Amino acid sequence: LIKTIIKKTTGNITVSAVDAGEELAEKTLAFDCFVQIIDGAADVILKGEKVKLALGEAIIIPAHSSHRIAATEQFKMISTIIKSGYED
């Protein structure tokens, strides 16, 4: 389940809920993305390296970085992208 809270040309905020064992598809974004876990835990695989995030923890995924997010247990997250206008 993915719910968009704000979607503007300058950025967006989304809330996602993912069941245990599921994985969000690998992607690369043109802008930095701030991801915070608000329930449960997840693995963020960033450039092939696994980072474990638990409740309240966050990570900044740099622009143009290949990443995917896997649910080690059911989790919810908020992701925020702010488009600054100077990225490609």
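This is a short walk through one sheet, one histidine and the nonpolar core of this structure.

Okay, housekeeping before the fun part. What we have is a predicted model, where local features need pLDDT of at least 70, side-chain atom pairs count only at pLDDT 80 or more, and totals for chains, interfaces and linings use all residues. Residues are numbered from 1 along each chain as its sequence is written, and side-chain values use heavy atoms, with hydrogens and water left out.

Let's start with the sheet. Four strands make an open sheet, ordered E3-E8-E5-E6, with antiparallel pairing. When I say strand, I mean a DSSP run of E with at least two residues, numbered from the N terminus; two strands pair if DSSP finds at least two bridges between them. At the edges sit E3 (23–27) and E6 (49–54), each pairing on one side only. On average, neighbouring strands here are turned by 20 degrees against each other, direction ignored; the axes behind that are lines fitted to C-alpha atoms.

Now look at E8. Three bridges tie it to E3, and five bridges tie it to E5. Both pairings run antiparallel. On the E3 side, Glu23 has Ala70 of E8 as its bridge partner. Four of the five residues of E8 are buried, so this strand is largely enclosed by the rest of the structure. Buried means under 20% relative accessible area, using a 1.4 Å probe and protein chains only.

So who's my favourite residue in that strand? His67, which lies in E8. It counts as buried, at 5% relative accessibility. Lys27 stands opposite His67, and so does Leu46. The His67 side chain also reaches the backbone oxygen of Ser65 at 3.1 Å. And if you skip residues up to four places away in sequence, His67 touches Ala25, Glu26, Lys27, Leu29, Ile45, Leu46 and Ile61; contact here is heavy atoms within 4.5 Å.

That last name, Ile61, takes us to the core. Which residues touch the most other members of the largest nonpolar core? They're Val44, Ile59, Ile61 and Phe75, out of 16 residues. A nonpolar core is a set of buried Ala, Val, Leu, Ile, Met, Phe, Trp, Tyr and Cys residues joined through side-chain atoms within 4.5 Å. The elements giving two or more residues to this core are E4 (33–39), E5 (41–46), E7 (58–61), E8 (67–71) and E9 (75–82). As for Ile61, leaving out neighbours within four places in sequence, its contacts are Phe31, Asp32, Cys33, Val35, Val44, Leu46 and His67.

Notes:
Buried means under 20% relative accessible area, exposed over 50%, partly exposed in between (1.4 Å probe, protein chains only). Axes are lines fitted to C-alpha atoms, for helices over the stretch in contact, and angles run from 0 to 180 degrees between N-to-C directions. A polar contact is a pair of N or O atoms within 3.5 Å; within protein, one must be able to donate a hydrogen and the other to accept it, and residues adjacent in sequence count only if both atoms are side-chain atoms.
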